[in-house]
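Reader: Walk me through this model, please. I would like to learn how to read its features one by one.

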Amino acid sequence: MIESRPKRGSFITFEGGEGSGKSTQVSLLAERLRLRGIDVVTTREPGGSPGAEAMRLLLLNGVVKPLGPTAETMIFAAARDDHVQTTIAPSLARGAWVICDRFMDSTRVYQGALGSVDERIIRTLERVTIGDTIPDLTFILDVPVEVGFARVSHRGQEKDRFESEEIEFHIQLREAFLALARSEPKRCLVIDASQSPETVATRIWLAVVERLLKLGAPQTMPRAAS
Ligand code: T5A
């Protein structure tokens, strides 16, 4: 007897510096996929589940900073573990597509490349928290630092712990994301995000069609009943 189960959904992440337009593009891509009838879950890090959202407050308001970069990395990992278990993995398993605003590459870049946390610690935490829930496609939105700053400066909110870093930090951040993209060209795609939101969205959409939709949107796959 044949029983059907949903094919795992696709997992897409957006990465990049402050004000590169990640949240904007997450929404635009979700809208386009939903128009095709695809079940889409949008989420973010740090956060994305009740437990992880509680940890987000501690991470972004600077409470955790005095504990040092390794402890901070472990709290990002604890938040990610809850997010993956509670939100991402169940959504993918039921066949939904998940689009996440920041994920593991933010830890590699902010805590690893710039925070000098040992790469072995970061990779070990990834194995524990992510396992095989690795993104199928990661967009690295690239903008000159001054463009990103100009976009977020008019928000008038208090800067979070990371936005308060010096300009040199953000220049290095940009370089680190580009280096990461070069090291994983199959998964990561750099997008020039200095164009208008619509132009950037079109570029992203073409890549999703090329890399994921051509392979087949979520569908039911036959499975032999046990
Ligand atoms: N962090 C996170 C770590 O250190 N380690 C980790 O493991 C993780 C997961 C998260 C912070 O946590 C750190 C990294 C971050 O510093 P956050 O509050 O979630 O902080 O902030 P960001 O992710 O940096 O998001 P931002 O809101 O700052 O920027 P976005 O999402 O990139 O940009 P967006 O879409 O909100 O747009 C910003 C403004 O620009 C406009 C928008 O309308 C908006 O006003 N805009 C454009 N304007 C012109 N042209 C375009 N193409 C535009 N796109 C957007």
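Author: We go from the whole chain to the ligand, then to one helix, some single residues and the backbone. This is a predicted model, where local features need pLDDT of at least 70, side-chain atom pairs count only at pLDDT 80 or more, and totals for chains, interfaces and linings use all residues. Residues are numbered from 1 along each chain as its sequence is written, and side-chain values use heavy atoms, with hydrogens and water left out.

Reader: How many helices and strands are in the protein chain?

Author: Helices (H or I, at least four residues) and strands (E, at least two) are DSSP runs, numbered from the N terminus. The protein chain here has 8 helices and 7 strands.

Reader: What percentage of the residues is buried?

Author: Buried means under 20% relative accessible area, exposed over 50%, partly exposed in between (1.4 Å probe, protein chains only). Of the 226 residues in the protein chain, 47% are buried.

Reader: And how much area does the chain expose?

Author: Accessible areas come from the Shrake-Rupley method with a 1.4 Å probe; for residues, only the protein chains shown count as cover. The protein chain exposes about 11,500 Å². Carbon and sulfur atoms supply 55% of that.

Reader: What share of the contacts comes from residues 24 or more positions apart?

Author: A contact means heavy atoms within 4.5 Å. Take the contacts with a separation of 6 or more: residues 24 or more positions apart account for 81% of them.

Reader: Now the ligand. Which residues come nearest?

Author: A residue is near a molecule or strand if one of its heavy atoms lies within 4 Å of it. There are 30 residues around the ligand, and Lys22, Ser23, Thr24, Arg102 and Thr107 come nearest.

Reader: Which polar contacts does the ligand make?

Author: A polar contact is a pair of N or O atoms within 3.5 Å; within protein, one must be able to donate a hydrogen and the other to accept it, and residues adjacent in sequence count only if both atoms are side-chain atoms. A polar backbone atom of Gly21 is 2.9 Å from an oxygen atom of the ligand. An N or O atom in the side chain of Lys22 is 2.6 Å from an oxygen atom of the ligand. For Gln111, a polar side-chain atom lies 2.8 Å from a nitrogen atom of the ligand. On its own the ligand has 1,000 Å² of accessible area, and the protein covers 84% of it.

Reader: Which elements give two or more residues to the shell?

Author: They are α1 (22-35), α2 (50-60), α3, α4 (104-113) and α6 (145-153). The largest share, 4 residues, comes from α4.

Reader: How does the shell divide by class?

Author: Ala, Val, Leu, Ile, Met, Phe, Trp, Tyr, Cys and Pro count as nonpolar, Asp, Glu, Lys and Arg as charged, and the others, Gly among them, as polar. The shell has 8 nonpolar, 12 polar and 10 charged residues.

Reader: Next, a helix. Why do the buried residues of α6 line one face?

Author: An α-helix has 3.6 residues a turn, so residues three or four places apart point the same way. In α6, the buried residues are Val145, Gly148 and Val152. Down the helix axis they fall within an arc of 65°, so they line one face of α6 (the arc is that of the directions from the axis to the C-beta atoms). They pack against α7 (167-183). Glu146 and Ser153 are exposed, on the face turned away from the buried side.

Reader: What is Val152 close to in space but not in sequence?

Author: Gly19. The two are 133 residues apart in sequence, yet 5.5 Å apart in space, C-alpha to C-alpha. Val152 has a relative accessible area of 16%.

Reader: Which residues does Thr73 touch?

Author: Thr73 lies in helix α3 (residues 69-93). Its relative accessibility is 2%, so Thr73 counts as buried. Leaving out residues up to four places away in sequence, Thr73 touches Thr107, Gln111, Val117, Ile122 and Leu125.

Reader: Is Met104 buried or exposed?

Author: Buried, at 3% relative accessibility. Met104 lies in helix α4. Its contacts include Glu15, Arg80 and Arg187.

Reader: Last, the backbone. Where is the cis peptide bond?

Author: It joins Glu45 and Pro46, with omega about -10°. Pro46 sits in the loop between β3 (40-44) and α2.

Reader: What is the phi of Arg102, and of Ser116?

Author: Phi of Arg102 is near 75°, a positive value in a residue other than glycine. Arg102 lies in the loop between β4 (97-101) and α4, and is buried at 13% relative accessibility. Ser116 has a positive phi of about 65°. Ser116 lies in the loop between α4 and α5 (119-129), and is exposed, with a relative accessible area of 63%.
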